[in-house]
Amino acid sequence: MSKSAEKRNSAEASPSREGRNGQPASAAAGAKTSAAVPARDTGARQMESFEDGMHLFHQRKFQQAREFFLGAMSGPDRAVSHRAGLHARICEQRLASAGPVLNTPEEHYNYAITLINSRDLATAQEHLRAALDADSGADHVLYALAACQSLGGDLQPAYENLKRAIDLQPRNRLAARQDPDFAAMAEHPAFNRLLYPDRKI
């Protein structure tokens, strides 16, 4: 066989230049390109996540909204990422200022005691009344409400609630005698008669 024939046969037998996995280089490059996610699709998902977050944000569902905003922050559109970051921080601030979730009368009572100690008397009364709405016969809640009202200068309601607390549980009388929260009522005859029923006043 002549050398020219050998070259021709070799060229016919030789496959075209291949890429990995036996595919032509051009085909392999095309497959790699098609496997990448187009930027416009990623941007669409980013915007969709941001819009879902805004929908939840307006419903005051800040925990769920924050998750969508965090997802939108990683998209390609910098303007959307910036807005999503701002709203995520707002959600975190709203969640931090929302206060504890209280479900039972005891939880309302315990939280109210911490508020009384920090002298947030108005909010403390709200939680004590919430506890009483669930259990109107809770003498310790009535006692705490009376102490809170005494500290705030609401002496008549304080007297009435303390009397109810003592009627339900007489040992509250001894506690009130030693409680500095009732100092503002010490000079009132009705209060003294309530605490010292056997004393001539």
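**Figure 1. Contacts and helices across the whole chain.** Among contacts in the protein chain (heavy atoms within 4.5 Å) between residues at least 6 apart in sequence, 46% join residues at least 24 apart. This is a predicted model, where local features need pLDDT of at least 70 and side-chain atom pairs count only at pLDDT 80 or more, while totals for chains, interfaces and linings use all residues. Residues are numbered from 1 along each chain as its sequence is written, and side-chain values use heavy atoms, leaving out hydrogens and water. The chain has 11 helices and zero strands (DSSP runs numbered from the N terminus: H or I of at least four residues for helices, E of at least two for strands). Of its 201 residues, 29% count as buried (under 20% relative accessible area with a 1.4 Å probe, protein chains only; over 50% is exposed, and in between is partly exposed).

**Figure 2. A pair of Phe rings joins two helices.** Welcome to the aromatic pairs: the structure holds five (rings of Phe, Tyr and Trp, the last by its six-membered ring, with centres within 6.5 Å; planes under 30 degrees apart are stacked, over 60 edge-to-face, the rest tilted). Phe 57 and Phe 69 pair edge-to-face, at 6.4 Å centre to centre and 65° between the planes. Because Phe 57 lies in helix H3 (residues 39-58) and Phe 69 in helix H4 (residues 62-72), the pair ties together parts that are 12 residues apart in sequence. Both are buried: Phe 57 has a relative accessible area of 13%, and Phe 69 has 0%. Ring pairs also link these two with Phe 50 and Phe 62 into a cluster.

**Figure 3. Tyr 143 meets Phe 182.** These two rings form an edge-to-face pair, 5.5 Å centre to centre with 80° between the planes. Tyr 143 sits in helix H8 (residues 139-151) and Phe 182 in the loop between helix H10 (171-177) and helix H11 (189-195), so this pair links distant parts of the chain, 39 residues apart. Tyr 143 is buried at 13% relative accessible area, and Phe 182 is buried at 2%.

**Figure 4. A look into the largest pocket.** About 190 Å³ of space lies here. Of the 13 lining residues, those closest to the centre are Tyr 109, Ile 113, His 140, Tyr 143 and Ala 144. Helix H6 (105-117), H8 and H10 each supply at least two lining residues, and H8 gives the most, with five.

How values were computed: 1 Å grid on protein atoms, 1.4 Å probe; cavity = no way out; pocket = protein on both sides within 12 Å on 5 of 7 lines; lining within 4 Å. Points joined across faces, edges and corners; volume = space filled by probe spheres on them.
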